[in-house]
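Student: I am new to this structure and should like a close look at a single part of it. Would you please take one helix and the helices that pack against it, and then set that part beside some other places in the model?

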4 protein chains.
Amino acid sequence: MPDALPPRRVGVWLIGARGSVATTAVAGVAAVRAGLRDSTGMVTEQLPVAAGVLPGLDELVFGGHDVSDTPLLKHAEELADDGVIPASVLRGIADDLDATDARIRVGFRPEDGEGPVAAIARLTRDIAEFAAAVDADRVVVVNVASTEAPVTDDPAHADLASLQAALAEGRDVLPPSSLYALAAFSGGCSFVDFTPSVGPRLPALDEAARRAAVPYAGSDGKTGETLVKAALAPMFATRALRVRSWAGTNLLGGGDGATLADPERVSSKLRSKVEGIERVLGGDVVQPLHIDYVPDMGGWKTAWDHIAFEGFLGVKMRMQFTWEGCDSALAAPLIVDLARLVAAAHRSGMSGALPELSYFFKAPLDDAPVDLGSQYQRLCDFAASLSDDT
Amino acid sequence: MPDALPPRRVGVWLIGARGSVATTAVAGVAAVRAGLRDSTGMVTEQLPVAAGVLPGLDELVFGGHDVSDTPLLKHAEELADDGVIPASVLRGIADDLDATDARIRVGFRPEDGEGPVAAIARLTRDIAEFAAAVDADRVVVVNVASTEAPVTDDPAHADLASLQAALAEGRDVLPPSSLYALAAFSGGCSFVDFTPSVGPRLPALDEAARRAAVPYAGSDGKTGETLVKAALAPMFATRALRVRSWAGTNLLGGGDGATLADPERVSSKLRSKVEGIERVLGGDVVQPLHIDYVPDMGGWKTAWDHIAFEGFLGVKMRMQFTWEGCDSALAAPLIVDLARLVAAAHRSGMSGALPELSYFFKAPLDDAPVDLGSQYQRLCDFAASLSDDT
Amino acid sequence: MPDALPPRRVGVWLIGARGSVATTAVAGVAAVRAGLRDSTGMVTEQLPVAAGVLPGLDELVFGGHDVSDTPLLKHAEELADDGVIPASVLRGIADDLDATDARIRVGFRPEDGEGPVAAIARLTRDIAEFAAAVDADRVVVVNVASTEAPVTDDPAHADLASLQAALAEGRDVLPPSSLYALAAFSGGCSFVDFTPSVGPRLPALDEAARRAAVPYAGSDGKTGETLVKAALAPMFATRALRVRSWAGTNLLGGGDGATLADPERVSSKLRSKVEGIERVLGGDVVQPLHIDYVPDMGGWKTAWDHIAFEGFLGVKMRMQFTWEGCDSALAAPLIVDLARLVAAAHRSGMSGALPELSYFFKAPLDDAPVDLGSQYQRLCDFAASLSDDT
Amino acid sequence: MPDALPPRRVGVWLIGARGSVATTAVAGVAAVRAGLRDSTGMVTEQLPVAAGVLPGLDELVFGGHDVSDTPLLKHAEELADDGVIPASVLRGIADDLDATDARIRVGFRPEDGEGPVAAIARLTRDIAEFAAAVDADRVVVVNVASTEAPVTDDPAHADLASLQAALAEGRDVLPPSSLYALAAFSGGCSFVDFTPSVGPRLPALDEAARRAAVPYAGSDGKTGETLVKAALAPMFATRALRVRSWAGTNLLGGGDGATLADPERVSSKLRSKVEGIERVLGGDVVQPLHIDYVPDMGGWKTAWDHIAFEGFLGVKMRMQFTWEGCDSALAAPLIVDLARLVAAAHRSGMSGALPELSYFFKAPLDDAPVDLGSQYQRLCDFAASLSDDT
């Protein structure tokens, strides 16, 4: 670790910066930097990547937008009560959390009447001021805000010119996640969408990213049940076992659970969750899938999956699994991984969609491979290909 | 299906030919040939392999050794009562089972006083007579007999000359599985060990195989809990999640359960079962593992695994799975797959150990990759490389 | 077993006589009578009841109504393929099934335009002709038909006179289950409702039963997940452990699954299923509950329940269970138990609701105790109180 | 709660006073008294008992013996890190823990060479001094020390005179748990054995208790897997479902896990655990049962049970459950319950074994009922019968 100021800095601008995932990411990086915890859960720490290519943990500076004004430290204390952040660690990183909290600006709220053009300008300016203040070479914007309801198709989504025209007329054709993505691209920042919201997944947005020569990655982080599915489904497929049904029930509390209790918003999530099985095992698999809001579970999630399959001679067999995970603890290190990888891709001169990062996502961009092993192999190849072009 | 005699035939000689796995394999192939069932569970049916390279199902002819004299058909009826073979299928394949049964010879029984040299000669002769009788180009010998207790090391295992000298003196240095392997190699047959017994896994036996220019594959088929472990463990490894303990309990009935109720024999099995986790996740993982004999479960096996792991900031999480499988229905199609692949390898001129087949085994030969995805990739590459040299 | 005709006979008239539960009940009684199986699963075989009070298995004669015309034997063969009835047993009881099948009459179908008064008259006549034909002292009518959608309240439900007036006007105020119950009472027969349908649970129907001096029992047989809940919930309650959530997912195939895939019909079922927990553990328990139709599961049902609770100092703990049962095999012996008990109650001179039988039901009549142990104690007391008044 | 000093005090003398269960009990009572937590998990708070009969929580004073010298507060902090005691609660009760810690005396250690007679005298004196110091009317001694290995039978166990003679000769015929029980009885104190050790379960000890006119209760608290078994087994029994096997695996860390990793000590525990099933379901049930030491689980225990059973027509079905509990949080409130109940029994003039308390124990004394419901009913009757004779 350098004993002077780090030679260069990478800004990580979190949309939903006071949420559980963001708070855990900021706290975790602070804890690792302070030597209070090791880097368990962080994929980039063991990737085959040349020295100096990925920004070091001590080069990352966090800021972000949020519509909540609960201070990071207070949220971190709630997470400590819920068993997500060890209380002993919290004492050692309180200053870091306060420093990050001071860099959080008010997010976009549709109900405030701020028009889309004005909003994009303001959000872009916030990020630029952050970059200047912390002296960051480049900034990765990462969406970890609540899941949005699906968006109605609009002709303005087809290309950037149409979109800009529609926005200039004040038409409400973009959800917040896409406004943030457009703000990022306008400011020359790369973008990661860790949620199932639309974000950059519109032709017009893709065009914006490529014009700005910035890369983006997404969508919908794969942290629990879907991660296990991606590991298990290829086993059935390669063994020629015929999966007849794959049923899942997810119990979760916390803010995420409350959001997903809304049937409209949950539909975005459910779609991402069944796609993987369809792609690996075909469309005939019956897939009942539920997400239930169980407030007493706090930030913890329990998923139960039941897989009914047939073997030789049509013999019926079953497998079940239960996953009991802490979503923030699973998602937070991936946020850091993605910020490092996308920043390095940006530095390497890549732009547009990065399907090479499918290992991290439920709904990968483009035609990424669907089994976890191949996704990881592709990630390793990608990491090895990154160069340090600064 | 050809309306005349198939142009060439491959003999499959089963050690333990009247056991549950062998019976299910013979019944299953008959059922598929008769159009009563499809090839679910058979990996070779979907491999990228050139036409004509793998022997067709209609080219396979079964025979074997066994120490039991319960007819195949009677055992198949018991399996039907246990839900392994559909009763309706059984009616259509009774003649096939009887025909195979007529080709089964008395196996080797240490307690009969038959010396090793005489035994090898007799076993070799049995196989040769079978090959002649059914007009088989080549024969694959497949061990699906009961698991043996581990074997004491002996200097005679080191090379073929020492081994032959020891056998000539009548010394009891080889377990039955290795006698069968030596008989196979002596007769120019390839060999597959689907059990955790020693079989061909001795330097002297490897030398015998290479001298005879025949290939062999093993050991210990991966059909249930260990298969799932091989699919899941890499997920934890690549995600940098620290697995602290991986506990397993296996409940099984049937003949396999009774055999494994013997603490000596079970030790061979338990060793194969923990090795995979050690190789993927390191030696610090606490791995309590039990195999319990529960007679009422018949040919079915239930495994429960509990995995305790840590994520970011040391947060403790858990995963559990239950696998409820029918061992014979899972193992039988793999027997057929392996017979086809090893016969084709033999035909392609390969000899010695085939670590390319690690996808099928708990304890693969040599330094095979340990994650299921890579093992499958290697299998596909191997299949694509096979040529039809006849 | 008597070697002559039994001295007296009890008719069991099944509504849904060609369904899976009815078929299994008829087959099971035939198998026990033929000495092919023992009475496992039959509660009445171990109750403390005086000799001769309960009708013997050889005194029961089955008949019934159904809207399907698939013969019993054919349905039994399908159940054999699904593992519910052993194929070997089926061969020994085919004649019994055919004899029962010959006693099945066409059921009531609202879409046929048969008015309620005519329907009741016809159904009553069918049952009376059955009783005469088989020379039965008395008949118990048992509803095992598909679950109906909930019924709209109507003033005509309040008393028998209003109901009869409404029916005479041809008003459609009763669902089929209640028409059957009224037909039973009109014919002097007792009634058991094993389904969550309304059946006899209306004041006017209760009045009809009491006027006819016949007893009735219900509702909604407790055979799987709810049975386990009734056994477990009191454990949490008496230990003062605070259950915060009790989530359940039920996967089932078969005809029952298809019926319950209809959101209206499933609502009757879900209501019965959550009531028990509310009564034992209070209304604050969060209870997400799903019933999913998974066709490949056939007549089998898998339920997963997840219970989150707090102990001393508010420590959060969890319990999960999976129940993998065959609904027909669980329900069928209870049908026989209930027929015997209600017939004996009728013989003992009881009439109206029998809350003493709450041990069998999800939604017991009146203010029955809610824990399984007390329900069983009440059943034993009831059985001991029965006398043989004939 | 009284606003003056409580009118009378009951001493609770814990054998193993610095262990996890004792620490949690002391901490929990302090937390409830301080209004920081409610009485969740405490059975006595909801029993039908006359006012004033049970000692109030504010009347209890804790002390005890232990061979460890780690202060209670330090152990409580470790338990807070393990999620057993909320960190926020700990801050409010530190003084209470220190005060109790000051009342803990050095326990009996066989390896110290203290003879049995001297040891009993010293232990008795320690307790008497405690009673005097805290001004307690009476003292209940509660054994929550580590499980001992089973004890060899000795003729001296048969009656008190023989035992005293043997002890006077310095013969080593009693394990520590029985020495403590004898010390309790000698000092006129009642005794509770919450462990599977022998404790008071010897004829000579029973005689000592009756002569001293003090009651005692035991053995082996039922807190997790066995509790669930006692709730579920009667369900199978009363439904006439034939349980063929009931397999269990227990994973636990903590001190208890380390102790039970010793095969001799675990044998005491395993015996208690299988007895209940035998008594409810008969001796034919196959019961593989494992206790595995998994250090990373800390004070948490996960049990998986698999129950294979047959229903009507011999159809095979299965149930599984997983119990994830915190042993100390489950046991601690029962310690308090038992202390209150046994103190009240003592006050009511009862002496000798108290089989009425079987609801709390795996291996109840005498011929207690085996199903949890009946055990609870008996406890309620017992509580209602207690009078306030002071």
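Tutor: The account below begins with one helix of chain D and then turns to other places in the model.

This is a predicted model, in which local features need pLDDT of at least 70 and side-chain atom pairs count only at pLDDT 80 or more, whereas totals for chains, interfaces and linings use all residues. Residues are numbered from 1 along each chain as its sequence is written, chains are lettered from A and ligands numbered from 1 in the order in which they are written, and side-chain values use heavy atoms, with hydrogens and water left out.

The part chosen is helix α1 of chain D, residues 20-33. Helices and strands are DSSP runs numbered from the N terminus (H or I of at least four residues for a helix, E of at least two for a strand). Two packed helices are described by the angle between their axes and the distance between the axes. Here an axis is a line fitted to C-alpha atoms, for helices over the stretch in contact, and angles run from 0 to 180 degrees between N-to-C directions.

Consider α1(D) with helix α3 (residues 87-101) of chain D: their axes come within 9 Å and cross at roughly 120°. The two helices are therefore oblique to each other, given that angles under 35 degrees count as roughly parallel, over 145 as roughly antiparallel, 65 to 115 as roughly perpendicular and the rest as oblique. The crossing of α1(D) and α3(D) is right-handed; a crossing is left-handed if the near helix is turned anticlockwise from the far one by less than a right angle, and right-handed if clockwise. On the side of α1(D), the contact is made by Thr23(D), Val26(D), Ala27(D), Ala30(D), Ala31(D) and Arg33(D), and α3(D) supplies Val89(D), Ile93(D), Asp96(D), Leu97(D) and Thr100(D). Contact means heavy atoms within 4.5 Å. By class, the residues where α1(D) meets α3(D) are seven nonpolar, two polar and two charged. Ala, Val, Leu, Ile, Met, Phe, Trp, Tyr, Cys and Pro count as nonpolar, Asp, Glu, Lys and Arg as charged, and the others, Gly among them, as polar.

Helix α1(D) also packs with helix α11 (residues 327-347) of chain D, the axes coming within 8 Å and crossing at roughly 65°. That angle makes α1(D) roughly perpendicular to α11(D), and their crossing is right-handed. Here Ser20(D), Val21(D), Thr24(D), Ala25(D) and Val29(D) of α1(D) meet Ser328(D), Ala329(D), Ala331(D), Ala332(D), Ile335(D) and Val336(D) of α11(D). This contact of α1(D) with α11(D) has eight nonpolar, three polar and no charged residues.

Leu97(D), one of the α3(D) residues that meet α1(D), is also in contact with Leu73(D). Leu73(D) lies in helix α2 (residues 72-81) of chain D and is buried, with a relative accessible area of 18%. Buried means under 20% relative accessible area, exposed over 50%, and partly exposed in between (1.4 Å probe, protein chains only). Neighbours within four places in sequence aside, Leu73(D) also touches Leu90(D), Ala94(D) and Asp98(D).

Further along chain D, a cis peptide bond with omega of about -5° joins Gly218(D) and Ser219(D), and Ser219(D) lies in the loop between β6 (215-218) and α8 (225-238). In the loop between α8 and β7 (242-252) of chain D is Ala240(D), whose phi is near 60°, a positive value in a residue other than glycine. Ala240(D) counts as buried, at 15% relative accessibility.

Chain A offers another helix pair: helix α4 (residues 116-134) and helix α6 (residues 176-186) pack at an angle of about 55°, with their axes 8 Å apart. That makes α4(A) oblique to α6(A), and the crossing is right-handed. Pro116(A), Ile120(A), Leu123(A) and Thr124(A) in α4(A) meet Leu179(A), Tyr180(A), Leu182(A), Ala183(A) and Ser186(A) in α6(A). The residues of that contact divide into seven nonpolar, two polar and no charged.

In helix α11 (residues 327-347) of chain A is His346(A), which counts as buried at 13% relative accessibility. Taking chain A as a whole, it contains 12 helices and 11 strands.
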